[in-house]
Each structure stands twice: as C-alpha cells, then as structure tokens.
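Work through the exercises below with the model open. Each task is followed by a solution in steps.

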2 protein chains.
Amino acid sequence: MSTNSKIGLSCLQTLPIFGDVEGNVAELERQISQAAAGGATIIVAPELCTTGYVFQSREEAFALAEKVDGPSGRRLGELARDLGIYLVFGFAERDGQRLYNSGALLGPEGLIGRYRKLHLWDEEALYFEPGDLGVPVFHTPLGRIALLICYDIWFPEVWRLASLGGADLVCVSTNWVPISGQKEDRPPMANLLCMTGAHQNGVWVAAANRVGVERGQPFIGRSIIVEPAGWPIGEASADRSERIEGRIDLSAARKGRSWGRFNHLLRDRRTDVYGRIVA
Amino acid sequence: MSTNSKIGLSCLQTLPIFGDVEGNVAELERQISQAAAGGATIIVAPELCTTGYVFQSREEAFALAEKVDGPSGRRLGELARDLGIYLVFGFAERDGQRLYNSGALLGPEGLIGRYRKLHLWDEEALYFEPGDLGVPVFHTPLGRIALLICYDIWFPEVWRLASLGGADLVCVSTNWVPISGQKEDRPPMANLLCMTGAHQNGVWVAAANRVGVERGQPFIGRSIIVEPAGWPIGEASADRSERIEGRIDLSAARKGRSWGRFNHLLRDRRTDVYGRIVA
C-alpha cells in the first residue's frame, strides 16, 4: 500500500427489481462500468442487490440464492477483472442446503473473500442462517477491507473486530429501512452509526443502500462515505438510484488512530475490564 | 421502579474557576438547588467540577484532590439529602497516595457509589491512575444508573458494559474539548457518540459538560440529554453556563431494546464471535 495515494471509491445506490436476477446484474454491470469509467477502483453495492430483499418464503429465497461462484458472481467477477476494480456486493448465498445473507469482495485477481451477515434483521431469520465467518479482514493491494451488512452496524462489536483486525475500510452493503423513532429533521440513525463507527475505530466507511419500495417495504437510501475522523465526504439522496464518490487515502485510517502523545483509539482500550462483553 | 412515571433530570453546564474548590462547590450548591426547585430529581454535574480541569503538576492535582467523603463530597451529600435528589458529579479523588478522575453518585440516602474514569485523556495520565472499578451499575429507587467520564464515551465497550449491567441511564460527567477534524456545520462528535451510544444500547444519556477557557484550554459545552432511541431531548449552548432539563421514564430504556418479533438490541449480540474484543 503506497502512502498518501488516493484511490477512487464509489457506492452504488440501486433500485433492484425483486426476483429479476438477470436484469439486476445487468444493471449492476452498467453502473459498475460507469463508476469505473469515473475513476472508481473500489465499488460497493447494496445488500442482496442481485435478488431484492423481501422474500416471502424460504422456498423463494432458496430458488433465488446462488453460490458465490454462481452465474451472478461469475459475471461480476469477470467485470471486476476486465475493469481492474475491487467490488463489494451483497447476495443471497446458497451453500448446500443453507442460505446466508452474504457479501463478497471480488478483485481483478478473482474472489478475495466472503462475509456472512452476523446479525439477522427481522424475517431474515426465517430464510437465512446467522453468519459463521466472523468479521474477516481482507488484504488487498490497496489496503485492508472488511465487510458488514445492514443491521450489523448496530453492534459496535463488529466495528471493533474490523478495526482490531486491521481494516482500513469497512464496506457496508445494506438495505436500511425506516426505523421507529427516527426524527425527520435529523440524519438517519444509520448514517450516525456509520459516522461514530468510523470515528471510534479510525476506519473509512463506504455504505451502499438501495432505494424504492418492494412488496410494501420502503428503503431509505442515504448511502454514505465517511472519513476515519467520522465525517461524511459523500452522501446520497433518500430516493434516487445514484452513485456517490470519494477519493480516499486508506493509510489515513492508520495514522488517524493516534491522538497526540498520550492517546490511541485502539491502544487505550481497557481489555482488562471489558470481559463481560463476551461473557 | 414504577412504570411510566416520569422523573425530572437536569444537566448542569458549569464554568468552574480553577482551584477555587470552595467557590465552585458553593456555585454547584446554588445550581443544584435551582434545578431541584425546577423539578429535577436526578442532577448531573461535569467532570472535575469542584477543582477545574487543567492541572499543571501532580503536586497541584494532589493538593486539590479530596476523598469522596471529603469536604466537597460531604457538602454535596448533605444537599442531596436535604433536597431529596440524586446527584452525579465529577471530582479529583484522592485515595491514599493515588489520584483518580472520579465520579460519585449521591442520593438522599448518602453515597451510592463511585466510578473512576477508565480511559484517561492526554495529560491526565500524568496526574491520575487509570480507573480500577470497572463500569458499575448502581441500583436506586428510580432505576439503574451508570457513570462514565468524558473520553470514556469514545469506547463503545463501556456503553455495552453499562447496558449489559442493566443501566437505564448513563450519566456522563465530562470536560469535552475541541477535537481535530470537527466540522463547524455538524454537531460535536461527542454529541453523536452520546446519540449512538444511547441508540445501540437502549439507554438514557445525560451528559454534563463545562464551558469557558481554562489556562488556555477551551471547553465546548453542548451538554445533552438523549432518549434511548438516540435522539436529543435537551441540548445546551457551546458557551453559556446553563441548565438543560428533561422529564424521563427510565423504564422506557428496557422496553426500547426489543425491536419487533425477532430482534433485541442486546440479545442479538453474537458473543460467540466477539472474543477478539477482549483478547
């Protein structure tokens, strides 16, 4: 990883059509190609962006799910190779008889790694298994990248696992929905979670959400790119399919964790008293 | 704890005079009495509110520090008893030859408990010992209360310890200072940390900061009261000594952690994969 080099990062805020995997992947290919043409080297797409989100039965989810190297993964992998980009996207993963709400990181060199959503939201528990891969941090030529999915960001523990694992960038593939109590005159709580997650851990955050209403379920958009200090450098609308972009220096994440002569965001941790967190 | 009863909560945003312990306590007494007269039953005062913050030597800090039942603690304890209120305040604690940046919870019944700042900020490391009492949660007739101090809130682990310990309310005695990278058109990051800390853990938060400039060090005010959903219900200015108030239902904290049929903010935690947080 070269120091101080800036790389292009893009979050795709998409509007998938439920069940139209072929069409959704084609649209992703179009948007990824545009983002790459615009200078993006790392591109993040939403949770379950190939299938849509609102499954109505286990059978339906099973029928739409794919292996990571299934047709959708292969098409997107070929595109990542051809464009020389790193792509994070969320998909319904079938592994034998099991389904996971998964993310994959594809690079020019092929599949770099997978993540399986640890914290399932609402009826996802009816279709998916809880993630069983922990919070892996993937090494790339650009820096170290972790993946989280949607409700995961409500759990400060997974931000910590990413940061302690060395992540410079946390990519959040998400399908954020409206939540109870949200104030209309404030940013979505999901955005604030990205901001404090970045700040407390000294990581870049790239969160790609979807928009639209699917089977009666609205999604809130507001994709966001956050610098390690915790402030947004790119923000999307609530309702448009669009792309947000930033030029980021992944090494800034590591530098930013040191605060003056005495403090460091990770080394100041009092692991001697944190035991109950995992008890 | 009765359900749905609302109690008055007040945060005192003060301007202590460095080293004038007698005068600072007298001013605290005045403000506490006013808050109680205004209906407050729980009152939170800032970090090191009896001494001021910017010590220049260990000897100076040692000379100003007191035992929890020293003159300042006794005076404030008598006031809590006389007014029938619960008071959280920060003070420089002397315990033998050791100093701690501490908080105390006083009630009508006397001293309920102490907290010692776990994460020391900047030159505090020259004067104080790191806290050695963990994150205790104190049971009161009103509900369960935890104390944190200033830089502690940068560590999501201590919010979790408070919440897992059953806290309904987290009182933050603080001396927040300007931090690098803060955006002028955004709330202070410290406020956002209170909001996401409340939201992720389902706790009320009452943070009392100081104002003014002491020995060249400015403080940012912006004391805040946050509901368990994460939204402010009271916010102070950046520069005035003043009081903010809210009427709160502590039991709402416990109800709010359950989200629908499938989710609960604490029970959804994946302790099976969080091990590295304390490793």
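**Exercise 1. Burial and fold of chain A**

What percentage of the 279 residues in chain A is buried? Then describe the overall build of the chain.

Solution. The model is predicted.
- Step 1. Take the cut-off: buried means under 20% relative accessible area. Buried residues then make up 63% of the 279 residues in chain A.
- Step 2. List the secondary structure. Chain A holds seven helices and 16 strands. Its radius of gyration is 18 Å, and the globule rule gives 19 Å for 279 residues, so chain A is as compact as a globular protein of that length.
- Step 3. Take the extents. The C-alpha trace of chain A spans about 55 × 40 × 40 Å along its principal axes.
- Step 4. Look at the contacts in chain A with a separation of 6 or more. Residues 24 or more positions apart account for 69% of them.

**Exercise 2. Surface and charge of chain A**

Find the accessible surface of chain A, and state how far apart the centres of its two sets of charged side chains lie.

Solution.
- Step 1. The accessible surface comes to about 9800 Å². Carbon and sulfur atoms contribute 48% of that area.
- Step 2. Chain A has 30 positive and 33 negative side chains. The centres of these two sets lie 7 Å apart.

**Exercise 3. The relation between the chains**

Work out which operation lays chain A on chain B.

Solution.
- Step 1. Recall the general form: two copies of a chain are related by a rotation about an axis and a shift along it.
- Step 2. Here the turn is 180 degrees, the shift along the axis is 0.0 Å, and the RMSD is 0.0 Å. That is the relation of a two-fold axis.
- Step 3. Locate the axis. In chain A, the C-alpha nearest to it belongs to A:Pro156, at 3.1 Å.
- Step 4. Compare the interface residues. Of those in chain A, 100% are also interface residues in chain B, so the copies meet through the same surface.

**Exercise 4. Helix H5 of chain A**

Is helix H5 (residues 156–164) of chain A largely enclosed or not?

Solution.
- Step 1. Count the buried residues: nine of the nine, so helix H5 of chain A is largely enclosed by the rest of the structure.
- Step 2. Name some of them. Among them are A:Pro156, A:Glu157, A:Trp159 and A:Arg160.
- Step 3. Check what follows the helix. Just after H5(A), A:Gly166 takes a positive phi of about 100 degrees.

**Exercise 5. Positive phi outside glycine**

Where are A:Asp122 and B:Arg222 found? Give the phi and accessibility of each.

Solution.
- Step 1. Set the background: most residues other than glycine have a negative phi.
- Step 2. A:Asp122 has a positive phi, near 50 degrees. It is found in the loop between strand S5 (110–116) and helix H4 (124–127) of chain A. At 24% relative accessibility, A:Asp122 is partly exposed.
- Step 3. B:Arg222 also has a positive phi, of about 60 degrees. Its loop runs between strand S11 (217–218) and strand S12 (224–226) of chain B. With a relative accessible area of 26%, B:Arg222 is partly exposed.

**Exercise 6. Surroundings of B:Ile233**

Which residues are in contact with B:Ile233, leaving aside its neighbours within four places in sequence?

Solution.
- Step 1. Place the residue: B:Ile233 is in strand S13 (residues 232–235) of chain B.
- Step 2. The contacts are B:Trp204, B:Ile225, B:Val226, B:Glu227, B:Glu245, B:Gly246 and B:Ile248.
- Step 3. B:Ile233 and B:Arg247 are 14 residues apart in sequence, and their C-alpha atoms are 9.0 Å apart.
- Step 4. B:Ile233 is partly exposed, at 33% relative accessibility.

Technical notes
Residues numbered from 1 in each chain as written. Chains lettered and ligands numbered in written order. Predicted model: local features only at pLDDT ≥ 70, side-chain atom pairs only at ≥ 80, totals over all residues. Heavy atoms only, no water. Helix = DSSP H or I, 4+ residues; strand = E, 2+ residues; numbered from the N terminus. Rg over C-alpha atoms; globule rule 2.2 N^0.38 Å. Buried < 20%, exposed > 50% of the residue type's maximum accessible area, 1.4 Å probe, protein only. Contact = heavy atoms within 4.5 Å. Areas by Shrake-Rupley, 256 points an atom, 1.4 Å probe, with all protein chains shown as cover. Lys, Arg positive; Asp, Glu negative; His and termini not counted. Charge placed at Lys NZ, Arg CZ, Asp CG, Glu CD. Least-squares fit on C-alpha atoms with pLDDT ≥ 70 in both.
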